[in-house]
Structures are given as structure tokens and as C-alpha cells.
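I opened this entry to write down what I looked up, starting with the terms and going on to the chain and its RNA.

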Amino acid sequence: MGRMEKSFDAAEAEPRILEKWDAANAFAAGANAKPGAAPFCIMIPPPNVTGSLHMGHAFNNTLQDILVRWHRMRGFDTLWQPGTDHAGIATQMVTEREMAANGEPTRQEMGREAFLDRVWQQKVKSRGTIIGQLKRLGASCDWSREAFTMGGAKGDPEAGTGPNFHDAVIRVFVEMYNKGYIYRGKRLVNWDPHFETAISDLEVEQVEVDGKMWRLRYTLDGGETYAHPIEFDEEGNPTDWETRDYLTVATTRPETMLGDTGVAVHPEDRRYAHLIGKTVTLPICGRSIPIVADDYADPDKGTGAVKITPAHDFNDWEVGQRTGLRAINVMTTRAAMALRDNPDFAEGCPAEMLGRAIERYDGLDRYEARDAIITEARDNGWLDGIDEDRHMVPHGDRSKVAIEPYLTDQWFVDAEKIVGPALDAVRKGMAAHEAGAFDETAGYTRILPERDAKTYYHWLENIEPWCISRQLWWGHQIPVWFDQEGNEFCAPDEAEAIEIAKAFYAKKDPDQEIEVKVQNLGEQSLSPDEAGRKVEALATVESGWVADREHGIPGTLYVELRRDPDVLDTWFSSGLWPIGTLGWPEDTPELDRYFPTSTLITGFDIIFFWVARMMMMQLAVVGETPFHTVYVHALVRDEKGKKMSKSLGNVLDPLELIEDYGADAVRFTLASMAAMGRDLKLSTSRIAGYRNFGTKIWNAARFAEMNECKPVPGFDPAGVTQTVNRWIVGEIARARVAHDAALDAYRFNDAANGLYATVWGKVCDWYLEFAKPLFASGDAAVITETRATMAWVIDQCLILLHPVMPFVTEELWGQIAARDTLLVHADWPTYGEDLIDPEADREMTWVIGLIEEIRSVRAQMHVPAGLKVPLLQAELDDRGQAAWDRNEAMILRLARVVAVERVDALPKGAVTIAVEGAVFGLPIADIIDVAEEKARLEKVLGKLAKELGGLRGRLNNPKFVESAPEDVVEETRENLAAREEEEAKIKDALARLAEIG
RNA sequence: GGGUGAUUAGCUCAGUGGUAGAGCGCUUCGUUCACAUCGAAGAUGUCAGAAGUUCGAAUCUUCUAUCACCCA
């Protein structure tokens with residue numbers, strides 16, 4: 001008897017199987033590729049290097065692994081490229097947190113260089129975590145090619161072990177700079193006062209908060225007054241007015257008033273029209289500011305007059321640009337008031353008031369300043385009132401603090417210039433996809449599901465400049481050097497920057513001796529407001545003529561270069577993931593072979609962050625779209641549909657689930673729920689269900705082993721003769737075709753559920769049961785054929801299931817027989833529906849139907865499960881007879897009936913079993929309850945009547961026969977005939993019942 | 001406010017014009033030599049509502065309601 005265990009011990013086996021794959025180098029690029037195979041390449045969305053695996057990763061990587069294993073088994077030249085992301089802010093944050101916990105010196109105390117060394121240590125320590133977890137999930141990446149988005153950057157202790165990603169990033173910056181796609185400018189950006197860096201608008205979350213709307217009175221200059229309506233009639237027309245010598249402005253952010261440079265009213269607002277061009281005096285600092293006309297002021301909102309602070313509000317900035325108002329920055333990088341030594345602020349303020357304002361407000365945090373200003377307004381009578389107001393406040397997605405619109409010098413990608421090809425590529429790809437003529441090699445890209453293409457279009461069509469500089473230390477430092485004049489020299493490295501600077505000055509003055517040196521200001525981080533001023537300060541030094549402090553040789557032009565201290569947005573580097581991981585800018589064989597890559601699988605939340613930018617950047621840099629298909633999946637939620645979050649405590653840890661149920665069950669669950677574009681609600685009962693499925697397969701294989709079913713070399717599924725065997729071969733073929741079609745269409749749920757239905761519902765429920773009487777038949781030929789067929793069937797199940805459930809299938813593959821290859825490299829079948837034998841199909845459908853009918857009647861009539869009942873045969877057509885003859889043993893066994901007796905008519909009290917072309921009966925009059933049997937039959941008749949009504953209704957409608965397709969009409973007719981036959985049999989049965997009842 | 005999507009069995013969801021399905025749960029029965037992580041049988045639906053197109057609508061169109069997400 002069997003050597004096999006009763007079930008699969010995932011916890012024991014899975015690590016062992018991982019080692020087997022590893023030892024065989026099974027996931028290496030090109031492993032199992034057929035000669036001349038087409039490439040198939042997936043880039044992993046790089047997880048944060050300090051992160052750990054959450055459900056979203058598990059889902060994302062399961063889908064990738066299914067595609068990758070499927071292609072590898074089909075003999076494609078397959079590469080799944082792994083790696084991690086340096087994740088600027090997140091990693092810097094994690095490291096600083098750990099440093100604080102350990103009592104290490106702060107980042108500022110240790111300085112930039114030492115801090116970077118510290119982060120590298122953290123990276124080396126952390127990276128194993130998530131990589132190990134991906135392996136545990138079964139991800140079949142080529143781990144020897146692991147990449148890092150900062151690989152090869154200065155200080156990388158593992159430089160040389162992976163692609164030099166840093167070189168690629170710097171190279172791209174330089175190229176894009178030289179093409180004019182990147183520029184530096186003073187702009188209002190989203191400033192995170194916690195991390196003291198600019199962030200892109202995508203990294204901003206709008207949070208609705210309960211706040212207030214404060215109304216403040218700004219006094220009109222020069223004794224000016226106007227009539228403000230205070231009473232209205234029923235139609236809203238003013239009926240009474242009061243004379244005011246002030247304008248009331250409404251604001252949610254009173255602390256910014258110190259930076260106000262104007263008040264805007266709508267040009268057509270009759271209340272204020274004559275005031276346009278006049279001025280008001282700003283309380284506290286006494287600055288006189290103009291009243292300007294601008295559409296931005298909404299007459300119906302608040303008072304219709306709005307204070308304008310161009311340096312601290314995006315809308316106000318626009319108004320300022322249109323109406324010529326200057327911008328006054330009144331805050332520090334930590335969002336405290338910066339009034340002292342602030343010439344912009346001082347300008348136009350009377351000295352006495354300025355001194356008081358500085359005294360009272362300088363250095364206050366923005367929220368303290370708000371309270372203090374409101375107190376002063378109340379005390380001094382210019383607080384007009386306070387309204388409760390619920391409004392959206394932008395927050396940093398990492399820091400969770402309110403972001404501050406802030407005026408600084410930053411680097412931008414002029415996205416508008418590179419967006420065109422990225423839009424074109426997807427428009428063409430989607431058009432081809434919708435036309436059913438998608439060609440993977442045509443150089444365009446489709447996004448699935450189609451809905452997400454719309455999201456992509458919408459964002460790209462309204463693209464804004466992308467702020468790519470970050471005031472962090474951890475990241476790719478911007479490769480631009482400034483001289484004293486503020487000239488920019490962009491180059492891949494310092495030496496080249498020096499050369500460019502030399503050439504620049506030589507052109508200006510060919511006879512001049514020139515010496516260029518790089519003066520690194522070391523660890524000092526330039527916060528932008530400082531940066532702005534410092535560059536200006538340096539620029540005021542007499543152009544370039546800086547005395548060389550060491551040599552002091554007269555007549556030489558000394559140029560000092562200083563590198564921009566800022567680093568690049570992490571997404572700038574991950575935008576190059578496809579080419580960077582393959583070795584670009586080197587002309588590597590991998591780049592040649594695998595780029596453009598095939599499919600990208602990613603979450604909908606990073607379509608903008610990552611997908612769109614990869615499209616733009618790859619097209620801008622190498623002129624090709626990075627992948628032909630983007631499959632966008634949704635979110636994994638908890639079983640109640642809530643987003644999983646640590647604060648809610650509803651997080652399911654994929655690793656715990658793997659421990660409890662095995663990786664296969666977790667993977668199968670995720671795949672089976674991956675309906676395109678739908679969030680999936682995950683519950684452990686579902687996972688347990690698929691763990692049971694693994695056990696089911698295990699036991700099917702165990703059954704095969706116990707019956708000595710060994711794979712027969714050269715077995716030809718088309719050559720089997722037994723109906724049952726011909727039938728199951730056809731079922732397997734059908735499953736293989738449906739499975740490939742599902743995966744081809746990225747319908748992972750159909751793929752997984754289809755296999756589930758075939759393996760459990762056909763192979764285990766029926767084929768194994770049918771095989772039992774065959775094995776007991778004593779017919780050597782039948783037994784031999786059935787053993788070979790069953791071994792083949794089990795093998796096919798393992799092969800087809802392997803991409804979804806790699807562990808248990810690999811284990812069984814090894815246990816069943818000695819093989820030439822591991823299952824991971826087994827050949828994927830190509831047989832098609834020609835293996836389906838329609839006759840066998842029809843016959844087994846009939847047999848199954850008969851067995852089910854007998855079982856159903858038995859259960860409903862309360863025939864004891866263990867009791868074997870005689871079966872009477874009243875009618876049987878030729879086809880039925882043949883089917884009976886071939887399958888008698890199976891029917892008797894599975895329906896638990898004995899000794900078939902032919903009768904001309906069913907005796908009174910026999911229960912009727914009507915199937916196509918046959919009437920059987922169970923003589924169980926003494927067991928059954930006549931009333932119950934009558935009720936059963938009448939219920940069946942009721943169902944039939946409903947169906948018959950529908951069918952006849954359709955066929956009696958001449959328009960249906962006329963306009964419906966012929967096969968539909970034919971099918972309806974056949975259906976009607978069959979139902980009528982059934983109805984007649986049931987009526988007979990009822991009549992007989994009436995005789996005894 | 002704009003956009004996108006959803007609403008189908010108790011729950012979670014499939015279902016792209018031919019008359020409704022799966023898994024889980026539930027009820028009853030069952031320890032026959034693969035499997036109790038199992039087997040057999042069973043119940044449950046105005047496919048959110050209304051109107052339209054069509055021979056025929058869960059499916060296409062319009063409107064309404066509720067919910068979710070994205071962008072302001």
C-alpha cells in the first residue's frame with residue numbers, strides 16, 4: 001500500500017522545495033527556454049528596501065509568478081527581474097527612527113557623509129527581509145540579478161554585485177537636461193515642514209478637516225468708503241446698505257496675512273467695482289496693499305473679497321502672476337514665521353509697526369502665529385467674525401503634517417514636453433486591443449482593464465511640471481554644479497563638470513588662464529530659502545574673480561563649483577527601472593534580449609507615480625515603450641471590505657497566512673479572487689478552502705499511487721479506448737485550452753477557478769470513482785490502460801496547476817516518479833480540443849446524470865444510505881443500452897443499486913427515474929411515503945411547466961424564429977423536445993402513483 | 001463640484017444579448033479500502049428601482065437611489 005503521507009505538510013515541504021529550485025538554478029534568466037524562444041520579461045515593482053511583505057505585495061507577486069512560471073514552462077526565454085527601491089523619505093525616516101531608538105547621534109550631528117554610511121548599513125541589514133519573504137511566497141525571480149535603485153551610488157558597500165543603477169539615473173538626468181526637459185526654477189511647491197523637503201503633488205493627500213473661516217477687516221486707505229448691502233428682499237436684491245471704511249476678507253489661514261500683497265475682488269462685483277485700484281492697509285505690519293480685480297474672487301463666497309498671499313497659496317500665486325502682485329515668503333522651512341532679517345517682508349512696512357510685528361511674531365510656529373493673530377484682531381477690533389468651516393487641507397503622505405505651499409528653487413521635469421509619445425503609445429495600444437488586433441511587438445502599450453487607461457489619459461492630458469528635487473540626504477544627488485555666477489554645469493561626474501565649466505569660460509575669454517575647482521560645502525544641507533539667498537550672495541562676488549587662497553597666482557580666473565546638495569525624487573529613479581536593471585547605458589545582452597519588456601503588473605495606486613513616468617522616461621531616453629501590456633490590479637481589503645491598515649488593526653499578514661495554510665493556498669486564493677479591476681475581500685475561510693483543495697489533489701495522487709498508476713513513457717492520450725478514459729482525456733484537454741485562454745487574457749480568476757472545477761469536480765469526483773470498478777474488473781487490458789491514463793491525468797493536473805500552486809505540485813511530481821526535470825521546467829501541454837471525443841462525452845454525461853438522479857431520489861425518499869436497492873429498467877433506447885452495457889459496474893456502485901431487472905412497465909409504487917432515452921424505477925413502495933413522492937414529482941412538474949412555457953413562448957413567436965440565429969432556434973427546439981419527454985415521464989409516474997394513492 | 005466604477009443566493013463574488021452560476025455558510029444523511037482539510041443530497045434570487053431599444057435584457061441606452069474610489 002501507499003508510502004505517501006495522508007496530507008501535504010506545507011510548513012515542512014515548502015522550504016525544502018525552495019532549496020531544490022535554488023540548487024537547480026531553476027529561475028535563472030532563460031532557464032528552460034526552447035531554442036529560438038521568444039523572450040518574456042517582467043520587471044518586479046521594486047518594494048521599499050526597508051519594507052516587509054504585505055497583502056498587496058503577496059497579491060501583486062502571485063500574479064507575476066503565475067505568468068512567469070507559465071511562460072517558463074511553455075519554453076519562453078523568461079526573465080523575472082527582481083530588486084528593491086531606495087525609497088528616499090521612507091528609508092531616511094526608518095533609519096532616523098532606529099538611530100533615535102538606539103541613542104545614536106542625530107543625522108545633523110553626524111553630518112551628511114556619515115549619515116549616508118549609516119543608511120547604507122541599514123539598507124544592507126533590511127534588504128534580506130522582503131527578498132526572503134518574496135522567496136517564501138514562491139516568487140520565481142532570477143535572484144542572481146537582484147537590483148537596487150541606488151545600486152553603485154557613492155558609499156554602496158555592495159557595489160558591483162548588481163546593475164549600476166546610479167550611473168543610469170545620473171546619465172538620464174544629464175540627457176534630459178541637455179534636451180531641455182529638465183529645468184530649475186523658483187516656484188511654489190508642496191513643502192513638507194516635517195521632513196523639510198519639497199514633495200510632488202502626487203505625494204500630497206487631501207484631508208477633510210473641521211476648521212474655521214475667519215473674517216478680517218482691512219481698513220481702506222485715504223478715507224475711502226463704500227456701501228455694503230445688509231438687507232435683502234425676497235428675490236435677494238439689496239434693500240438696505242451701510243457705509244464701511246474697511247473691506248472684510250475671509251480666510252482659513254490668517255497666519256499667512258503677514259505675506260499678503262493684495263486683495264482680490266471679482267471684476268463684475270458691483271459692490272467693489274469702484275474700489276479696484278485703491279489700497280487697504282494690512283493690520284499688524286501696516287503694509288499698504290492694492291485691491292485688484294480677478295475672476296478668482298467669487299462674489300458668492302465669503303464676502304467676495306479675498307486676501308492674496310502669492311508666496312503661500314497656489315491660487316494666490318496664480319492671481320499674483322496675473323495681477324502683478326509680489327510674493328513675500330514669511331515662513332521658515334519648518335513653517336515658523338520668518339520675519340526678522342526678511343527684507344521682502346520689511347519692504348513697505350512702517351518701521352515702528354515692523355519692529356512690533358517682528359517682536360511679537362517672529363519664530364512662532366504657524367499655528368501659534370494663527371492664534372496670536374486672531375487674539376490681536378479680536379483685541380483691536382478688526383476681527384469681523386468666525387464661521388465654522390469644513391475644508392480640505394493638503395497633508396504629506398509620509399509625514400501626515402499639513403503641507404505648506406512654499407516658494408523655493410527646485411528642479412522640474414517639463415513633463416509636457418515628453419508626455420506626447422507616452423499618450424500616443426497607449427492610445428495606439430488600446431485601439432489595437434479593442435479591435436482584437438493587439439500585437440505584442442508593435443511598440444505600443446495597452447493598459448488592462450480598459451478603465452485604467454482612462455485614468456492614465458486623464459492624468460497625462462492634464463500633466464503638470466514634475467518637481468524632482470528633494471531636500472534629503474538619502475538619494476541620487478543632483479548632478480549639477482553651480483559657479484559663483486549661478487551658472488549651471490550638468491555632467492555625469494565632477495571631472496566632466498569641471499571640463500564643461502572650463503570650456504564655458506574659455507569661450508567667453510579664450511586667452512584667459514582658467515582654473516576650476518570644486519568647493520564642496522560639505523555636509524551643509526541648503527534649505528531652499530537659504531539656497532536662494534546664498535546663491536545670490538555668491539553671485540554678487542565679482543564675476544568669477546575669486547582669489548585662489550592657496551596659490552594666489554595673479555591673472556588666473558578661478559572658478560569655484562559647488563554641487564547642488566539636493567537629491568532626486570525616488571520615482572525619478574524607479575522611472576528607469578526597466579532599462580536600468582538591464583544594464584543601460586551599457587549595451588548589455590540582457591538589454592538587447594529583454595527590452596522592451598513584456599508585461600507590467602502593478603497596483604492602480606501607482607499608475608501616476610510609476611507607470612506613467614516609466615512610459616514617459618523610457619520613451620524620452622531610449623525611444624521605446626517599456627512594456628507592451630500593463631495589468632492593473634486592485635486593492636486587497638479585509639473581509640468586511642475595509643482597507644487594511646495598521647491603525648485599524650485589520651491587517652492580514654501574508655507570512656502568517658503562509659505559515660498557517662501554506663503558500664499554495666494563499667496564492668490560489670489570491671488568484672481565484674483576481675477578477676479584473678475588482679477589489680478583493682480576503683477572509684481566512686476562503687484560504688482554508690483552497691488549502692483543502694491542495695489536500696484533495698494530494699489524495700488523488702495518493703489514490704493513483706495505491707493503484708499502481710505510473711506514468712508511462714510515450715503515453716498517447718489520443719490512443720485510449722475505454723469510454724471513461726476517452727472522456728477524461730477530453731476533459732483535461734478542454735481544461736488546458738480554457739486555462740491558457742484565461743491566462744492569455746489575464747483572467748486569473750477564470751484560470752484558477754477553471755482548474756478547481758476540473759480537478760475537483762471532474763477528476764476527483766468522477767474519474768477516480770469510475771476507475772474503482774475498472775481496477776476491480778480483473779480485465780488486464782482495461783486495468784493497464786486505466787492506470788496509464790490516470791497517471792497521465794494526474795500529471796496534467798500537476799502541470800496545469802503548477803503556476804498557481806507551485807509547491808504541492810512540485811512535491812507530488814517528485815514523489816510520483818523519477819523525472820528528467822523538476823516540474824518547474826516540465827513541458828507545458830499543447831494538445832487541444834481534438835482530444836475531445838463527443839461520443840464519450842455524451843455517454844459519460846448520461847451516466848453521471850443517471851447516477852445523480854438515482855442518488856437524488858434515494859435521498860429525497862429517505863432510502864438509508866447504506867441500503868442497496870434493486871433497479872428496474874422499463875424503457876431504454878439503443879444508445880442508452882450501449883451506455884448502460886459499458887458502464888454498468890460504475891452505475892451500480894456509485895448509485896448503490898443492485899441487479900437490474902427488465903420490466904415492461906413499472907409496478908405500482910415504484911419510484912420513477914427518468915433520464916434521456918430511458919425510464920428506470922426503484923421498487924421501494926414499502927419504504928416511501930406516497931404523499932412525499934407525489935410532492936416531489938409535482939415540484940419537478942412545476943419547474944418543467946415554467947421552462948416549457950418560456951420555450952414554447954419563444955418558439956411560437958414568429959419573430960423569434962425569423963430573427964434569432966439558427967443554432968439558437970435549433971437549440972431551443974431540442975430543449976423543448978427533451979423537456980416534453982421528461983414531462984411525459986413524470987406524468988406517467990404521477991398516474992401510477994395515483995393508482996396506489 | 002468633476003470623473004470612474006459598483007449594486008446578482010445568508011456572505012464573498014463570477015457572469016459582454018439566448019432566460020442564473022461558483023466558493024463559503026446553512027439543513028439532512030453518511031466513518032464502503034484517496035481524502036472527515038471528506039462524500040451524498042437539499043433549500044435560497046422581482047439580477048437596486050423605473051423607462052426605453054430588441055423576437056429576446058442581469059448584460060445595451062437614459063433617468064433615479066444608495067455606496068465606493070480617484071481628482072479638485
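Before listing elements, I note that helices here are DSSP runs of H or I with at least four residues, numbered from the N terminus. I also note that this is a predicted model.

**Entry 1: the chain as a whole.** I looked up the secondary structure of chain A and found 30 helices and 32 strands. I then checked the extent of the C-alpha trace, which spans about 120 × 80 × 60 Å along its principal axes. The radius of gyration of chain A is 39 Å, whereas a compact globule of 997 residues would have one near 30 Å. I found that 54% of the 997 residues in chain A are buried. Among contacts in chain A with a separation of 6 or more, 78% join residues 24 or more positions apart. For the accessible surface of chain A I noted about 43500 Å², with 48% of that belonging to carbon and sulfur atoms.

**Entry 2: the surface near RNA strand B.** Which helices each supply at least two residues of the surface near RNA strand B? I listed α12 (450-461), α21 (684-706), α23 (748-775), α26 (838-860), α28 (930-956) and α29 (958-963). Helix α21 gives the most, with eleven residues. I counted 41 residues around RNA strand B, and Arg678, Thr695, Trp760, Arg954 and Asn957 come nearest. By type, the residues of this surface divide into 19 charged, 15 nonpolar and seven polar.

**Entry 3: contacts with RNA strand B.** I asked which parts of the strand lie within 4 Å of the protein. Of those atoms, 64% belong to sugar or phosphate, and the rest belong to bases. I then looked up single side chains. An N or O atom in the side chain of Lys696 is 2.8 Å from a base oxygen of RNA strand B. For Glu769, a polar side-chain atom lies 3.2 Å from a base nitrogen of the strand. The side chain of Lys772 has an N or O atom 3.4 Å from a phosphate oxygen of RNA strand B.

**Entry 4: Ala741.** I located Ala741 in helix α22 (residues 723-744). Is Ala741 buried, exposed or partly exposed? Its relative accessible area is 45%, so Ala741 is partly exposed, as that class lies between under 20% for buried and over 50% for exposed. I also looked up its separation from Gly921: the two are 180 residues apart in sequence and 43 Å apart in space, C-alpha to C-alpha.

Terms used: Residues numbered from 1 in each chain as written. Chains lettered and ligands numbered in written order. Predicted model: local features only at pLDDT ≥ 70, side-chain atom pairs only at ≥ 80, totals over all residues. Heavy atoms only, no water. Near = heavy atom within 4 Å. Polar contact = N/O pair within 3.5 Å; in protein donor to acceptor, adjacent residues only side chain to side chain. Nonpolar A, V, L, I, M, F, W, Y, C, P; charged D, E, K, R; others polar. Buried < 20%, exposed > 50% of the residue type's maximum accessible area, 1.4 Å probe, protein only. Rg over C-alpha atoms; globule rule 2.2 N^0.38 Å. Contact = heavy atoms within 4.5 Å. Areas by Shrake-Rupley, 256 points an atom, 1.4 Å probe, with all protein chains shown as cover.
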